[in-house]
Amino acid sequence: MTPIRVLIADDQVMVRQGFTVLLNAEPGIEVIGQAVDGLDAVAQVAELAPDVVLMDVRMPRLGGIEATRQLTEPAGVTVKVLVLTTFDLDEYVYEALRAGASGFLLKDASAAELAQAVRVVATGDALLAPNITKRLIAEFSRVTSSPRTPLKDRVGDLTERETEVLGLIAQGLSNGEIAERLVVAEQTVKSHVGRILVKLGLRDRTQAAVFAYETGLIRPAGY
């Protein structure tokens with residue numbers, strides 16, 4: 001089985017080396033490079049084509065948010081970005097998710113949590129740490145703006161079932177959990193998710209969750 005190829009981007013050498021040691025000790029994961037800042041990360045992604053980038057938010061020259069945007073905006077790019085942060089409810093993390101990141105991870109995560117996060121982001125079948133990611137998306141979509149009309153109009157392109165699946169994605173359910181909820185095969189859910197992403201022009205289910213909250217399809221608790 002081909003290992004998940006990981007690039008680590010952080011301006012602190014101890015962080016890069018520590019994560020490299022932890023991830024290389026995990027089966028099915030291989031660290032193929034280290035970047036010292038966002039510019040270096042963008043260049044190394046072009047050269048090495050990793051599956052996942054662990055991206056620090058705050059770095060010199062080019063920060064993690066703009067680097068994430070540059071990596072995820074081009075059509076056909078498949079690399080997934082996992083943002084590294086010190087605090088889970090961090091406005092920079094939400095901006096990184098809006099820029100195209102697939103999830104985030106606290107820097108004090110254990111080796112097991114780190115490896116699991118890389119695997120989840122690489123496969124894309126579930127939201128990373130759905131209870132935290134969902135709470136962060138909901139909180140910042142609540143305080144930043146009301147639903148944006150152009151985005152809201154795009155929900156009309158979805159079928160009733162696809163809209164239902166999108167709502168369940170935003171609630172943090174995995175494909176298996178959605179299949180159980182809707183009493184359908186998991187492969188059917190995967191097909192729905194694929195069509196949702198294509199119709200809405202989104203990269204993955206994390207971006208779908210951001211979309212669902214920002215369009216008002218899902219409202220934050222208490223609103």
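**Salt bridges and a helix crossing**

Okay, let's start with a pair: Glu214 and Arg98 form a salt bridge, with the closest N and O atoms 2.9 Å apart. Glu214 sits in helix H11 and Arg98 in helix H4 (residues 91-99), so this pair ties together parts that are 116 residues apart in sequence. Glu214 is buried, at 10% relative accessible area, while Arg98 is partly exposed, at 32%. Bear in mind that this is a predicted model.

There are nine salt bridges in the structure, so let me pick a few others. Glu162 meets Arg195, 3.2 Å from N to O. Here Glu162 belongs to helix H8 and Arg195 to helix H10 (residues 186-200), so the pair links parts 33 residues apart in sequence. Glu162 is buried, with just 2% relative accessible area, and Arg195 is partly exposed at 39%.

Then there's a local one: Glu66 with Arg69, closest N and O atoms 2.8 Å apart. Both lie in helix H3 (residues 64-72), three residues apart, about one turn of the helix. Glu66 comes out partly exposed at 31%, and Arg69 is partly exposed too, at 26%. And Asp10, Asp56 and Lys107 are linked in a salt-bridge network.

Back to H8 and H11. How do their axes cross? They come within 8 Å, at roughly 100°, so the two helices are roughly perpendicular to each other. On the H8 side, the contact is made by Leu166, Ile169 and Ala170; on the H11 side, the residues include Arg205, Phe211 and Tyr213. By type, the contact has eight nonpolar residues, no polar ones and one charged.

Note on methods: Residues are numbered from 1 along each chain as its sequence is written. This is a predicted model: local features need pLDDT of at least 70, side-chain atom pairs count only at pLDDT 80 or more; totals for chains, interfaces and linings use all residues. Side-chain values use heavy atoms; hydrogens and water are left out. Axes are lines fitted to C-alpha atoms, for helices over the stretch in contact, and angles run from 0 to 180 degrees between N-to-C directions. Helices (H or I, at least four residues) and strands (E, at least two) are DSSP runs, numbered from the N terminus. Angles under 35 degrees count as roughly parallel, over 145 as roughly antiparallel, 65 to 115 as roughly perpendicular and the rest as oblique. Contact means heavy atoms within 4.5 Å. Ala, Val, Leu, Ile, Met, Phe, Trp, Tyr, Cys and Pro count as nonpolar, Asp, Glu, Lys and Arg as charged, and the others, Gly among them, as polar. A salt bridge is a side-chain nitrogen of Lys or Arg within 4 Å of a carboxyl oxygen of Asp or Glu. Buried means under 20% relative accessible area, exposed over 50%, partly exposed in between (1.4 Å probe, protein chains only).
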